[in-house]
Number of protein chains: 4
Amino acid sequence: VARFVHEVHMRWSDMDAYRHINNTAYLSYLESARVAMFFYRFEGFAAGTVIARHEIDYLAPVVFHPEPLRLELWVDTVRAASFVVHYEVFDTAVDSAVDGGRVAARASTTCVTVDFTADRPRRLTNEERAILAGFADDSA
Amino acid sequence: VARFVHEVHMRWSDMDAYRHINNTAYLSYLESARVAMFFYRFEGFAAGTVIARHEIDYLAPVVFHPEPLRLELWVDTVRAASFVVHYEVFDTAVDSAVDGGRVAARASTTCVTVDFTADRPRRLTNEERAILAGFADDSA
Amino acid sequence: VARFVHEVHMRWSDMDAYRHINNTAYLSYLESARVAMFFYRFEGFAAGTVIARHEIDYLAPVVFHPEPLRLELWVDTVRAASFVVHYEVFDTAVDSAVDGGRVAARASTTCVTVDFTADRPRRLTNEERAILAGFADDSA
Amino acid sequence: VARFVHEVHMRWSDMDAYRHINNTAYLSYLESARVAMFFYRFEGFAAGTVIARHEIDYLAPVVFHPEPLRLELWVDTVRAASFVVHYEVFDTAVDSAVDGGRVAARASTTCVTVDFTADRPRRLTNEERAILAGFADDSA
């Protein structure tokens, strides 16, 4: 089992008057990677999950470049009707001794599975649990 | 008959690396004023209009300030299934001899009335025409 | 000492395909209130603070309406070079027995004071500490 | 001489309550392609151009998918201190008899070259003219 890796492109206008990518843009980057993770795996799932919580730590400023950021995602804390997605955001334009990029941010999102018809939380199915198990990070 | 006047607040992160409000943010300002114009007047209308075209001229750069921009709107070119909304965006933080603010942008939007069920244009109703007539700009 | 209260307008396009305000938009609402809190109080301060961390809990979905959300803010955890801003986001369009609106979200932001010239954290000044003390929430 | 082709990824939250990509998001897509066109070719240039005007026609609604949109760009109307970038936005997820995708939007942007130090328009250099000539669309 390995991390899910996804490249996300910044938008030039995501930079703010400090000439850094504004903190509000990162949630969109997390969304892009999370949606890529689940879009074709859970069609019903995609329509049945809401965001209950985000935590994000900004570790280094990012200056726009056309090359994408690299996001690495994994899942833990799978409960009856929720799970947590973790992210590391790598700025590949900045050298790093460890790997191809500097960690610009770390974040986590609590997702709750919802029955939109009844407008309340619903239990994860066995199929969904199996898919989420594939996103566990054994290296962690 | 007079222009529809609406105040719109900028967001600090609408500024870009040039320390000016980015051109992409203005369409959101136009939207905020246009939605305010129609939201309570046409509830079905609000759900039955799509944007077919925008034109926008940027006349002066805007630097963020907490006070709102003032937008003035009027309607013309009412056709069978479309109408045009015009806008002037005033930056009230900049002195102007003529009135309370400098014109930062001028724009127009072609709106098409749509039957979403049939997924095709639909004719404006008489009630809608009467409301749009109230937004004509006699001074123009 | 009381909470800082600020009204923030949603944008219609902040709604997503679920017809709820998208989770990514809330950080912009927090920013608008936080900037209003500090913009005229700390001109140098505004230019000398970066966001180190956000936490946000989404408690109830919000549907767009033209009336503003009400945000209440207060400050605690004032350290040598950082402080934490707390927020409650009230949806005033939803009835509530307790006060004028339902709590839609709670959040907190860790701000770090920075010397941009030297590109490193800097100590809060006594003047800044005095201003932040005025935003403590004695009711908490 | 051929069109400049660039792929742009949508964000899921660019969809609005109609479940279509909101009209305000397209200017960001145009920006992404335009920045990719010029970012490494004109470093000074990138810092010395402002947007004077946009026109955009929305021809077909777009529903989010993780695969990118394909944008085709070309340049004409090169004047002393301005030029026009044209765009076609193709939704590659929709079949088309003619080529790989349906035209979702057509747009054009008037860019003005600016001397930011003097805060006024400046003439295009010969080097800039040569680069822009490479973006003419001979097929048009």
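Across all chains of this predicted model, the structure holds 36 aromatic pairs. A pair of aromatic rings is described by two values, the distance of the centres and the angle of the planes. One of the pairs joins Phe39(A) and Phe64(D), with ring centres 5.5 Å apart and planes at 80°. Planes over 60 degrees apart count as edge-to-face, and the pair of Phe39(A) and Phe64(D) is therefore edge-to-face. This pair crosses between chains. Phe39(A) belongs to the loop between helix 1 (26-38) and helix 2 (43-46) of chain A, while Phe64(D) belongs to the loop between strand 2 (49-58) and strand 3 (69-76) of chain D. Phe39(A) is partly exposed, at 21% relative accessibility, whereas Phe64(D) is buried, at 8%.

A second pair, Tyr26(D) with Tyr29(D), has its ring centres 5.8 Å apart and its planes at 50°, so it counts as tilted. Both residues lie in helix 1 (residues 23-38) of chain D. Because they are three residues apart in that helix, about one helical turn separates them. Tyr26(D) has a relative accessibility of 3% and counts as buried; Tyr29(D), at 1%, is buried too.

Rings can also be linked in a group. In chain A, ring pairs join Phe4(A), Phe38(A), Phe83(A) and Phe135(A) into a cluster.

An aromatic ring may also have a charged group over its face. The charged end of Arg70(A) sits over the ring of Phe90(A), at 4.4 Å from the ring centre. In chain D, Arg70(D) lies over the face of Phe90(D), with 4.3 Å to the centre of the ring.

Helix 1 of chain A, whose end leads into the loop with Phe39(A), has 13 residues. From its first C-alpha to its last it reaches 19 Å, close to the 18 Å expected at 1.5 Å a residue. Is this helix enclosed or open to the outside? Of its 13 residues, 13 are buried, so the helix is largely enclosed by the rest of the structure.

The next topic is the nonpolar interior. In soluble globular proteins, nonpolar side chains tend to be buried together. The largest nonpolar core here has 80 residues. Those with the most contacts inside this core include Ile21(A), Tyr29(A), Leu71(A) and Val85(A), as well as Ile21(C), Tyr29(C) and Leu71(C). Helix 1 (residues 23-38) of chain C gives the most to this core, with nine residues. What does Tyr29(C) touch, not counting residues up to four places away in sequence? Its contacts include Ile21(C), Leu69(C) and Leu71(C), and also Arg11(B) from another chain. Apart from the largest core lies another, of 79 residues. Among its members are Leu27(B), Ala33(B), Cys111(B) and Trp12(D).

How many disulfides does the structure hold? The number is zero over all chains. Cys111(A) is buried, with a relative accessible area of 2%, and Cys111(D) is buried with a value of 2%.

The last stop is Asp138(A), in the segment after helix 3 (126-133) of chain A. Asp138(A) has a relative accessible area of 57% and is exposed, because the cut-off for exposed is over 50%. Its C-alpha atom is 21 Å from that of Ala80(A), and the two residues are 58 residues apart along the chain.

Key
Residues numbered from 1 in each chain as written. Chains lettered and ligands numbered in written order. Predicted model: local features only at pLDDT ≥ 70, side-chain atom pairs only at ≥ 80, totals over all residues. Heavy atoms only, no water. Phe/Tyr/Trp six-rings, centres within 6.5 Å; stacked < 30°, edge-to-face > 60°. Helix = DSSP H or I, 4+ residues; strand = E, 2+ residues; numbered from the N terminus. Buried < 20%, exposed > 50% of the residue type's maximum accessible area, 1.4 Å probe, protein only. Lys NZ or Arg CZ within 6 Å of the ring centre and 35° of its normal. Expected span 1.5 Å × (residues − 1). Core = buried A, V, L, I, M, F, W, Y, C linked by side-chain atoms within 4.5 Å. Contact = heavy atoms within 4.5 Å. Disulfide = S-S within 2.5 Å.
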